Amino acid sequence: MNLLFPFSEIRNGQKELIEDIKTVLETGGTLIAHAPTGIGKTAAAITPALEYAVNNDKIILFLTSKQSQHKIVIDTLRLIKDKNKNNDSFSVVDIISKQAMCPRDIAQGYYTLFNEQCIHDQKTRKCRYFRSDKNITNHILMNIMHVEELKDFCTRNVICPHKAAIDAISETNIIICDYNYVFSDIFETVLEKTHKSVSDMILIIDEAHNLPDRLRGQLSGELTMNLIEETAKEINAIDKKLYRHLKGIGRFFDDFIRRMPANTEKNINRENIIDGIEQVLQEALGDSMSYIEFVGALKDAEAGLVEKEKHNKKEMSSVTSLIDFLEKWTTQLPCSRIYKNENTPQLSFRLLDPSVLSGDIISNAHATIMMSGTLYPVEMYADILGAKHSLLKQYKSPFPSENKIVLVTEKLTTLYTERNDSMYIDIAEKISKVHDAVKGNIAVFFPSYLLMEEISKKFESSNDFKIRDKTDNILLENRHMSKSAKDELYRELKINSNKILMGVQSGSLSEGVDYRNNILRAVLIVGLPLSPPTLEVKNLLDYYIKKFGREKGKLYGHIYPAISKVIQAAGRGIRSENDVGAIVLMDYRFNYWKYKKCLPPDYEIHFTDEAEKLCREFFSKPFVLKAIEDAKKKIIEEEDLQTSIKIKSEVWEETGLIEDKGMIPLTVLKCVLEFSEKSDKNEIVGILTGSEVKTIGEHSCTKSKYCGVLENFKTNDIMDVIDELMQKMYLERAGEPLYPTVKISKTGKAAVLKKEKIEIDKIKTISEKLSETKNILPEEASCGEATKISKDGEKVKDNTGLKMLGLINTLGFPAGRSLLADILTGSKSKKLINQNIDKSEYYGILKRYTRDEVIIIIDQITDKGYLIVKQSETTNFPRPLLYMTVLGKNALDNNEQIEVKLQANIKDRNSVSKNPELLKELKFWRKMVADEENLPPYCIFHDKTLIEISNNLPSTKENLMNIRGFGEKKIKKYSDAVLEIIKIYKSNETKL
Ligand code: SF4
């Protein structure tokens, strides 16, 4: 297989990166690539790797540190698939953690508790999602699905998304997953499921600068007195012996703390703690056990708590956290183990050497590609991750170097000995001056929240009113910022050009956020974020000095981690080749050689006391001004697009048969919006009422959520609503005056966004066809009784079902339900008259009945298997049509009596559900099935049927047969799923 690159152009630096990746794939080994933003590293890595993997029976593991990175990989793979239409035989599985994929409520709980519960529910078959389905696996393999889509799809099919993804990895070419799928014991499962060895794997590690810290964090933990006491409380309820042991361990820890000097940090020996705990456990008369036995007993107790459901989430988190600590503390791997007593006395440990977890895997994999825009210096990452004999490459930034100016300010610093009020005021003044000079938004990143707060206060208290005035423009990051709060900040920057965003280095605003379209003119880095000289930092430094020698050890343990944070934060401003901006490093130490040499080679530093002057000069250059103007236009375009997307998402909200007349105008507007905001009036009416099924532009209206949602209303009435919406300026004419095309106006869009209930005169006179139908049904007919359709209680003796088959037979072309109903009820539609259908012997033979009643009969005949609904294949207008089956032909040939019945238990046929939550679930399921079968939802079940189910809560197939809309065929096809949904709903209700 030869794969074409998904983009028409290969960017600067990208070609070289692709060639290097090809070399590593052919020869085996590792590439460590510092690939600056804009190179296009995802496409560069995945295209050659995929080609190689498919041709050589290898599997790609595309590893990311954050779920947000998965989307770009999926998008790139979709582009590759599009570009290689005749050569696209590859599959992908996107997977995240089991907990994040679990659709059940238990997924909201603490991790270990969730895990225990999940395992328990699998074993006891309590989890209804835990099953395999080959069709689901195939669907996953045949479609490139983002993990959220996969999760959604599996949930709708009542199958565990994580299990489905794991089942699919045995046959896939690419797995997109978190680092820990490879660098933890989960890797065993991956190898087992894929039936491959490490040497069959191609590892692509994205944003690889995060890997060392992630690996260290994997083997870390903390022990406090509070944790021991909370665990004891929980265990007390179920195991007195363990409770006594925990009390003993509490006394040991208390004694240990007393012997430690106050307010200090101290290295602790692994064995001392294990021996101390072991001694406590051995001394317990009659209850003695070893450390390992104690951990095992705690695990049993934890499982017991899950089983008996005697826990609450907080307490269970104590038991599981203590187990986690005690287990990991025994590791022989090199760790920093410290006792510290800042606020709370605690024992903590953390892995020192990430290479012990990564070295062997990287060496044994067929090939490893580590890449990042800040994988600098590459040699350090090779050393600390144990990637021996690697190809180390630093690619040039594809962005023009003249697009940025890099300044280091004189006099300013956050050096500990120079931290004082006067320095903070100077820093605030400099920030303010640069802000004035760049005439746009700036971001300022500080080494800590404390410093950020101190310096931001200087704006408020400044004697200079110009600085004081800026207080209102400051956007401050806080420690626990939600995603929506971050989005809000981002939006503020987008729509304003005078903001000062303040955040911390290596915080959530300085890493991972893409400040696009030049919304930041400058990024200011306040201070050098060297780690404070804690014992843990010293331990790491000592370890690296011992392992790599003094010079490298200092760089790796102290300087580079700080510089890496600076590069990450400073890179937020310039995100594309068109962006321009200033990077101002506000600490004179950046000009010291030992730090300066660690900055990327494309940083041409100016050491100055006049940063604002140089910024002003830079931002008055013609090409810079033009770039800023272009960026502004793009933001405006994007805002427009965003509004449309938002409106679209409103349009695509869940919908069903509209029974509230007041919602008709809004529904009409949404339907117009759905079809590119410009549509033929007749078509819109046809779609909404389900009477005419046509295609508008490239959209098939059968795929529209609005297809048939107003089928209870008359076409003429809906046409009148459209005309009135035009008079009231919600809709406006589009195109030629004679061509009845409408589009939505600004007022209309605003109404959709606000979900406005639009007042329309016509609404008062609209009659609901459904209500007429209800009224003519015989009240006394009992549910389940086979009753021929009757008018005013009169029994009908004709073989209506067979007549319907006769009509289909004589038509000579497949028709939809609406057309059949129109013919049988004798509609005066021009369409029928023009085609001479009104001359048919079947025309008007059921005119005593309403169109809805006739449609119900058609559905029954379909359910009985005489007709089948299929998407038409012979027409340009894909739509669901009715075709006669062999059973139908036989019935017609043999003049069979086909009995139809209309269930008439009107009491249970409220248009309102007594159990709206269940109705929601049923509608959700129906939508999923409809999507699967490529039919409009009402072809699966009408809203009326779902409402009736939700009111009657049937528990058997026999009960379901009594629900209107269910026949043998639908029982066979859908009853299991429907009954399962009802069962779960009932059990949840009982619990509540
Ligand atoms: S088996 Fe799947 S669906 Fe069931 S609890 Fe576990 S993760 Fe959730």
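**Strand S17, the ligand shell and selected residues**

Asparagine 517 is placed in the loop between strand S15 (500-504) and S16. In this model, which is a predicted one, asparagine 517 has a positive phi of about 55°, although the residue is not a glycine. Asparagine 517 counts as buried because its relative accessibility is 11%, and the cut-off for that class is under 20% relative accessible area. A positive phi also occurs at histidine 389, which is likewise not a glycine and for which the angle is about 50°. Histidine 389 is found in the loop between H17 and strand S11 (391-394), and with a relative accessibility of 77% this residue counts as exposed, the threshold for exposure being over 50%. A further backbone feature concerns the peptide bond that leads from tyrosine 376 to proline 377, which is cis, with omega near 0°. Proline 377 itself belongs to the loop that lies between strand S10 (367-372) and helix H17 (378-384).

Strand S16, which comprises residues 522-526, is joined to S17 by five bridges, and the two strands run parallel. Within this pairing, isoleucine 525 stands opposite leucine 585 of S17. Strand S12, formed by residues 404-409, is also joined to S17 by five bridges and runs parallel to it, and here leucine 407 stands opposite valine 584 in S17. Strand S17 spans residues 581-586 and is mostly covered, since six of its six residues are buried. The covering applies to both faces of S17: on one side Gly581, Ile583 and Leu585 are buried, and on the other Ala582, Val584 and Met586 are buried as well. The two residues of S17 named in the pairings thus fall on opposite faces, because Leu585 is listed on one side and Val584 on the other.

The ligand occupies a space that is the second largest cavity. The residues surrounding the ligand are Lys98, Cys102, Pro103, Arg104, Ile106, Phe114, Cys118, Gln122, Cys127, Tyr129, Phe130 and Cys160. By class, the residues of this shell divide into nine nonpolar, one polar and two charged. The charged residues are Lys98 and Arg104, because Lys and Arg count as charged, whereas Gln122 is polar and the cysteines, Pro103, Ile106, Phe114, Tyr129 and Phe130 count as nonpolar. Helix H5, which covers residues 111-123, gives the most to the shell around the ligand, with three residues; Phe114, Cys118 and Gln122 of the shell have numbers that fall in this range.

Helix H18 (residues 421-438) contains histidine 435, and lysine 433 lies in H18 too. Histidine 435 is buried because its relative accessible area is 5%, and its side chain is joined to that of lysine 470 by a polar contact of 2.9 Å. Lysine 433, by contrast, is partly exposed, with a relative accessible area of 41%, a value that lies between the cut-offs of 20% and 50%. The C-alpha atom of lysine 433 is separated by 9.6 Å from that of glutamate 610, although the two residues are 177 residues apart along the chain.

Several other pairs of residues that are distant in sequence were examined in terms of their C-alpha separation. Histidine 70 lies in helix H3, which runs over residues 70-83, and counts as buried because its relative accessibility is 2%. Histidine 70 and isoleucine 176 are 106 residues apart along the chain, and their C-alpha atoms are separated by 6.8 Å. Lysine 757 is found in the loop between helix H30 (746-754) and helix H31 (769-776), where the residue is partly exposed, with a relative accessible area of 47%. The C-alpha atoms of lysine 757 and proline 665 are separated by 7.7 Å, while 92 residues separate the two along the chain. Aspartate 893 is found in helix H36 (residues 886-893) and counts as exposed because its relative accessibility is 62%. Between aspartate 893 and glycine 806 the distance from C-alpha to C-alpha is 9.8 Å, and the two residues are 87 residues apart in sequence.

How values were computed: Residues numbered from 1 in each chain as written. Predicted model: local features only at pLDDT ≥ 70, side-chain atom pairs only at ≥ 80, totals over all residues. Heavy atoms only, no water. Buried < 20%, exposed > 50% of the residue type's maximum accessible area, 1.4 Å probe, protein only. Helix = DSSP H or I, 4+ residues; strand = E, 2+ residues; numbered from the N terminus. Pairing = 2+ DSSP bridges. Near = heavy atom within 4 Å. 1 Å grid on protein atoms, 1.4 Å probe; cavity = no way out; pocket = protein on both sides within 12 Å on 5 of 7 lines; lining within 4 Å. Sits in = over half its atoms within 2 Å of the grid points. Polar contact = N/O pair within 3.5 Å; in protein donor to acceptor, adjacent residues only side chain to side chain.
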